Amino acid sequence: MVREVDILKILNEVNDPEIPVLTVLDLGVIQQIYLQEQYWIIELTPTYSGCPAMQQIEVDILAKLTEKGITNAKVKHVLSPAWTTDWISVEGRQKLRLYGIAPPVNEPNKSVLFSDPPKVACPKCNSHDTKMVSLFGSTACKAHYQCNTCKEPFDYFKCLK
Amino acid sequence: MMEQSALFEYVLRMSDDSLILAQRLGEWCGHGPILEEDIALTNISLDLIGQAISLYDLAADLEGKGRNHDQLAYMRYEQEYKNVLLVEQPNGDFAMTMLRQFFFDAFRLPLYEALMQSPVEQLAAIAAKSVKETRYHLKHSSEWVIRMGDGTDESHKRAQDAIDHLWRYTHELFYVDAIDHALLADGKIPNMETIQAKWMTTVTSILQEATLEIPKNNWKFEGGREGRHSEHMGYLLADLQYMQRAYPNMEW
């Protein structure tokens, strides 16, 4: 008899295709898991509307479940409630840092124009003396930063609320 | 049934606005004035494509004819697209692109904020998701309008020229017809006059800070919501639809 915890355990082996150190559970994109008419329904919510990783995540989830002998599963895409970076787990934040990506910090209200960029600690040397190079980085969810102390360029996972 | 088809039409208009503007922004890929802006414009384009997919999915459900988002996005004729004329206007220079974006973002943000209260659950969910992205977009375009307007003589002139050219297309953002009246009466959508008032407040305050002026000329162009487009639309669609027209139903 398969239980929800078994599914969760398997999902913890499915990684984000763009940030492979994070599992889909770390990322907080799995909303609910339940049995409906003999199918396990896994609710998946997108980070950004246009995030191209979502389709791949669906494929990877179903492949991993099949590999573990669970063939009666379906992925359901849900939009509500909308994903926020607050849902990235504490472990996920630590994994991001070790991977070289600064995790999201609280940012000023978006209605304030020309606000100072968020103060982000360097994921390599932990210095707070960093500068934003570009608000738009390698993917929609990241900004590009550089550390003034160790000079390391790094990605910052933007806060989305 | 009547209401279902009105809602389909309403959502389709929103989808088309997103898709067509996304297509225009995508044309900047590899041509941005600086690398950061090149990436910014294509990131915003990607957000809009994502929103368009969600909206087309909803439209397809409402229509109930078995069409999917790709068929709605790629397999219709020009007259079947219901986007406003503003979003199909050519990119022009960076000022033209950024003013077009600003006028659109300032409209979309209050619209999404209001639609979050819609009893149409899926529409409210899309609005709640998209509102976060749109706040970023409006911040980005507002800051550029101010920088350009309050910048050098050259950037000021280009920004003012863009406003003078685009202003005639902004009235259509608030176009309403029988479809809107029916949905408004049922409390499904917000009153467009409220959205317009919020848009005007944003536009007035940003342009004032940018030392730019709202044109006195009140000339208005419209037709997009009824499928009558400017001469630019055919060329845009030829590019957008090329793969699906050449290889129908192709997938990556």
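Trainee: In strand 7 of chain A, which residue is the bridge partner of A:Gln146?
Mentor: That's A:Pro153. Keep in mind that we're looking at a predicted model. On its other pairing, A:Gln146 of strand 6 stands opposite A:Lys131.

Trainee: How do you know that strand 6 and strand 7 of chain A pair?
Mentor: Count the bridges. Pairing takes at least two of them, and strand 6 and strand 7 (residues 153–157) of chain A have five, in the antiparallel sense. So they count as paired.

Trainee: And what makes strand 5 and strand 6 of chain A a pair?
Mentor: Same test. Strand 5 (residues 130–134) and strand 6 (residues 142–147) of chain A share four bridges, again antiparallel, and at least two are needed. They pass.

Trainee: Which residue takes a positive phi in the hairpin of strand 6 and strand 7 of chain A?
Mentor: A:Lys151, with a phi near 70 degrees. The hairpin has five residues between its strands.

Trainee: On to the open sheet of three strands in chain A: what is its strand order?
Mentor: It goes 1-2-3, with mixed pairing. The twist averages 20 degrees from one strand to the next.

Trainee: Why do strand 1 and strand 3 of chain A stand at the edges?
Mentor: Strand 1 (30–36) and strand 3 (73–77) of chain A each have a single partner strand, so one side of each has no neighbour in the sheet.

Trainee: How many bridges join strand 1 of chain A to strand 2 of chain A?
Mentor: Five, with the strands running antiparallel. In that pairing, A:Gln36 sits opposite A:Tyr39 of strand 2.

Trainee: Which helices of chain A lie across these strands?
Mentor: Helix 1 (residues 4–11) of chain A lies across strand 1 and strand 2, at about 140 degrees to strand 1. Helix 3 (residues 53–67) of chain A lies across strand 1, strand 2 and strand 3, at about 160 degrees to strand 3. Those angles come from N-to-C directions on a scale from 0 to 180 degrees.

Trainee: How many helices and strands does the secondary structure of chain A come to?
Mentor: Four helices and seven strands. Along the sequence they read α-α-β-β-α-β-α-β-β-β-β.

Trainee: Which domains does the domain assignment of chain A give?
Mentor: Domain 1 (4–83) and domain 2 (90–157). The centres of domain 1 and domain 2 of chain A, taken over C-alpha atoms, are 27 Å apart.

Trainee: How many residues of domain 1 of chain A are in contact with domain 2 of chain A?
Mentor: Nine, facing 11 residues of domain 2. To count, heavy atoms must come within 4.5 Å. The two domains of chain A bury about 830 Å² between them, 73% of it on carbon and sulfur atoms. A:Ile19, A:Val21 and A:Tyr48 supply 51% of the area that domain 1 buries against domain 2, more than any other three residues.

Trainee: Why is the meeting of A:Asp26 and A:Lys95 called a salt bridge?
Mentor: Put the distance against the cut-off. The side chains come to 2.5 Å, N to O, and the limit is within 4 Å for a Lys or Arg nitrogen and an Asp or Glu carboxyl oxygen. So A:Asp26 and A:Lys95 qualify. Across the interface of domain 1 and domain 2 of chain A, the rule finds one salt bridge.

Trainee: What about the interface of chain B and chain A: how many salt bridges does the rule find there?
Mentor: Zero. The rule does find nine residue pairs in polar contact across that interface. Helix 6 (121–149) of chain B is one of two helices, with helix 2 (35–63), that each supply at least two residues of the side touching chain A. From helix 6 of chain B comes the largest share of that side, 16 residues.

Trainee: How many residues of chain B are in contact with chain A?
Mentor: 26, with 28 residues of chain A. Chain B and chain A bury about 2,300 Å² between them, 65% of it on carbon and sulfur atoms. B:Lys129, B:Lys132 and B:Tyr136 supply 33% of the area chain B buries against chain A, more than any other three residues.

Trainee: What makes B:Glu9 and B:Lys82 a salt bridge?
Mentor: Their closest N and O atoms are 2.7 Å apart, and within 4 Å is enough. B:Glu9 is in helix 1 (residues 2–26) of chain B and B:Lys82 in the loop between helix 3 (69–74) and helix 4 (85–88), so the pair ties together parts 73 residues apart in sequence. Over all chains, the structure holds 20 salt bridges.

Terms used: Residues numbered from 1 in each chain as written. Chains lettered and ligands numbered in written order. Predicted model: local features only at pLDDT ≥ 70, side-chain atom pairs only at ≥ 80, totals over all residues. Heavy atoms only, no water. Domains from an automatic or database assignment. Buried area = accessible area lost by both parts, 1.4 Å probe. Polar contact = N/O pair within 3.5 Å; in protein donor to acceptor, adjacent residues only side chain to side chain.
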